[in-house]
Amino acid sequence: MKNLRVGLIGAGNWAGAAHLPAFAGQQAVRVVGITDLDPSRAAALAQDFGIDQTYPDLESMLDQAGLDILDIITSRGMHFEPAMVAIGRGLDILCEKPLGHNLPEARTLYQSARDAGIVAHMGFTFRYSPAVRYLRDLILDGFVGEVYHLQGFEQNALLVDPEIPLPRIGFSRETDSGALHGYGSHLLDLARWILGEFEQVIGDMATYIHERPVLGEDLRLKVEVDDSTTVLGRFESGAQALMQFSKIAMGHPPGVEMRIYGSKAALWVRLEDSPRGYENLWVATLDDRNFRPLAVPPEYSAGHDPDAGSTKNYYTALVRHFLQRVRDRDTAPGASDFSDGLRAQEVLEAIEMSHTDRRWVKLQEVGARHRW
């Protein structure tokens, strides 16, 4: 088995909490370099994880580290340039979501990766929840019957305090993308992975905390990105969707929740690090219409560490899947790859268009009707 050499661009919290622990547990894989806009942050992360080398910039790392894989963990609006450079060098890519900062970026990244024949994988973490995978299999097997409704929520209170600072790039839609892109990309991906493509959407984006301090500076700036977005949708199947993505909703730890209602049964999943555990699944059926706990078969949790939290378990499973795709040269669409990143971005674009125009927007209006 070839030893794969991985380089990281981006040394923020998610690199240390999810990506590096996940790579550390894999066979015949080594993270050999890190680069970040803040060299001290890259150096600290390299020391924590025993990585030999940091680099002043991406080009230096690509020229010197002999990489097979680039792992992109930059801020949400900064995926495009490093991904295009990696594609140009024939590297396989693991990229955090959303794929691009806008739809043209996402479309270019998908098409360029496809044409280059590289394995390109998205950081859609919640696909790797055992409870979600079991829920999806039940739905695809017809357990709930005809699906009528999906309710989905990614809500927490991480920004409910107006004195919580943002980094300078987090204030403007030119450089960041708020709750819709940051949280919505996760939940929209799960929704279409489980229930198929959206046919149309209508969205309402809102900013409730209009000014915040700037991280590390004695300055306050106007917030131009949304801290809450609500969406109604209709799937191609005819099922309805109701979703909210919020960073100012008290009472919710970081995580996601979905409820799917059908003609025969309903399923409800909550994923959050809480005293109840980080995975909870409930079921209601025609003979007992109240929700009650539903156990996830143990085979869905194969390889999960019962003493670890959701972040480690989900991301370890994600990285394991990505590396298997790399070794198999699996570039087929639909495996949490750039085609899925593009599909999610098309829905995000339609929601933004709907908010601006104050109307329902069909996905075909953003060019989503073509199939690759």
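In the predicted model, the residue that follows helix 9 is Arg-358, which has a positive phi near 60°. Helix 9 itself spans residues 338-357, and the 28 Å between its first C-alpha and its last is close to the 28 Å expected for its 20 residues at 1.5 Å a residue. Because 15 of these 20 residues are buried, that is, under 20% relative accessible area, helix 9 is largely enclosed by the rest of the structure.

Helix 9 begins at residue 338, and Phe-338 is, together with Phe-198, one of the residues with the most contacts inside the largest nonpolar core, a set of 104 residues. The largest share of this core is contributed by helix 7 (residues 178-195), from which 10 residues come. When neighbours within four places in sequence are left aside, Phe-338 is in contact with Ile-93, Cys-95 and Leu-99, with Leu-109, Tyr-110 and Ala-113, and with Ala-120, His-121 and Met-122. A second core, separate from the largest one, has 6 residues, among them Leu-166, Phe-171, Val-214 and Val-223.

The structure also holds 2 cavities of 30 Å³ or more, and the volume of the largest is about 70 Å³. The lining of this largest cavity is formed by Phe-153, Gln-155, His-252, Pro-253, Gly-255, Val-256, Glu-257, Arg-270, Leu-271 and Glu-272, with two or more residues given by each of strand 7 (147-155), strand 13 (255-262) and strand 14 (265-272). Sorted by class, the lining residues of the largest cavity comprise 4 nonpolar, 3 polar and 3 charged residues.

How values were computed:
Residues numbered from 1 in each chain as written. Predicted model: local features only at pLDDT ≥ 70, side-chain atom pairs only at ≥ 80, totals over all residues. Heavy atoms only, no water. Core = buried A, V, L, I, M, F, W, Y, C linked by side-chain atoms within 4.5 Å. Buried < 20%, exposed > 50% of the residue type's maximum accessible area, 1.4 Å probe, protein only. Helix = DSSP H or I, 4+ residues; strand = E, 2+ residues; numbered from the N terminus. Contact = heavy atoms within 4.5 Å. 1 Å grid on protein atoms, 1.4 Å probe; cavity = no way out; pocket = protein on both sides within 12 Å on 5 of 7 lines; lining within 4 Å. Points joined across faces, edges and corners; volume = space filled by probe spheres on them. Nonpolar A, V, L, I, M, F, W, Y, C, P; charged D, E, K, R; others polar. Expected span 1.5 Å × (residues − 1).
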